[in-house]
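Student: I would like to work through this model step by step. May we begin with its overall character and then turn to individual sites?

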Amino acid sequence: MTPDDWRRVRALFEGALDQPPGEVERWLERQAGGDPDLRQEVASLLAHHSRVGLFLHGPLSDRLPWLLAAPEALEAGEAIGAYAIIREIGRGGMGRVYLASDARLGRRVALKALPSELADDPAQRERLRREARAMAALAHPGICT
């Protein structure tokens, strides 16, 4: 898709959100002008948008109290397989990220540790694997391995 196509997708997506729920399909069919790729892209965005739900309504702490708790932290020097923890470098909703040393390859790496609440969920473990594969494909002096 060209930049103009993406601008049109955005405009159609935003316009579709303003339509009554029962009218969106017909409205989109008329507005897409017979371009099936354009229509499919907007329909895909609408489908994902509808699944987002109301996750921002109400305090997050009510639904995920473990995010505010101090999850189990790894200590400097602690070994995880061939990796030795140096220090924590960040944390967020998916866990903690540590600077570690890879004893096998003699290099520094970033390790992400999921909290047990997420580690028990196969979907979250797969999400972490996808993220790791994506990060492994990046090579830049400013990005930790």
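Student: What percentage of the 145 residues of the protein count as buried?

Tutor: This is a predicted model, and the values discussed here are computed from it. A residue counts as buried when its relative accessible area is under 20%. Of the 145 residues of the protein, the share that meets this cut-off is 19%.

Student: How much surface does the protein expose, and what part of it do carbon and sulfur atoms supply?

Tutor: The exposed surface of the protein comes to about 10300 Å². The part of this surface supplied by carbon and sulfur atoms is 56%.

Student: In what order do the elements of the protein run from the N terminus on?

Tutor: The protein has 6 helices and 4 strands. Starting at the N terminus, the order of these elements is α-α-α-α-β-β-β-β-α-α.

Student: Which helix gives the most to the lining of the second largest pocket?

Tutor: The second largest pocket holds about 210 Å³ of space. Helix H1 (3-17), helix H2 (24-31) and helix H3 (36-52) each supply at least two residues of its lining. With 5 residues, the helix that gives the most is H3.

Student: How do the residues of that lining divide into nonpolar, polar and charged?

Tutor: The lining of the second largest pocket includes Leu 17, Val 24 and Leu 46, as well as Gln 19, His 49 and Glu 25. Sorted by type, the lining residues are 7 nonpolar, 3 polar and 1 charged.

Student: Why do the buried residues of H2 line one face of the helix?

Tutor: Val 24, Trp 27 and Leu 28 are buried in H2. They line one face because, seen down the axis of H2, the buried residues fall within an arc of 95°.

Student: Which residue just after H2 takes a positive phi?

Tutor: The position in question comes just after H2, and its phi is about 60°. The residue is Gly 33.

Student: Is Arg 10 buried or exposed?

Tutor: Arg 10 lies in helix H1. Its C-alpha is 7.8 Å from that of Val 42, although the two are 32 residues apart in sequence. The relative accessibility of Arg 10 is 57%, and the cut-off for exposed is over 50%, so Arg 10 counts as exposed.

Student: How far apart in space are Leu 111 and Ala 132, C-alpha to C-alpha?

Tutor: Leu 111 is found in strand S4 (residues 107-113). Leaving aside neighbours within four places in sequence, Leu 111 is in contact with Tyr 83, Ile 85, Arg 96, Val 97, Tyr 98 and Ala 100. Leu 111 and Ala 132 are 21 residues apart in sequence, and their C-alpha to C-alpha distance is 9.6 Å.

Methods. Residues are numbered from 1 along each chain as its sequence is written. This is a predicted model: local features need pLDDT of at least 70, side-chain atom pairs count only at pLDDT 80 or more; totals for chains, interfaces and linings use all residues. Side-chain values use heavy atoms; hydrogens and water are left out. On a 1 Å grid over the protein atoms alone, a cavity is a set of points where a 1.4 Å probe fits but cannot get out, and a pocket is an open set with protein on both sides within 12 Å along at least five of seven lines; lining residues have an atom within 4 Å of a point. Grid points are joined across faces, edges and corners, and a volume is the space filled by probe spheres set on the points. Ala, Val, Leu, Ile, Met, Phe, Trp, Tyr, Cys and Pro count as nonpolar, Asp, Glu, Lys and Arg as charged, and the others, Gly among them, as polar. Buried means under 20% relative accessible area, exposed over 50%, partly exposed in between (1.4 Å probe, protein chains only). Accessible areas come from the Shrake-Rupley method with a 1.4 Å probe; for residues, only the protein chains shown count as cover. The arc is that of the directions from the helix axis to the C-beta atoms. Contact means heavy atoms within 4.5 Å.
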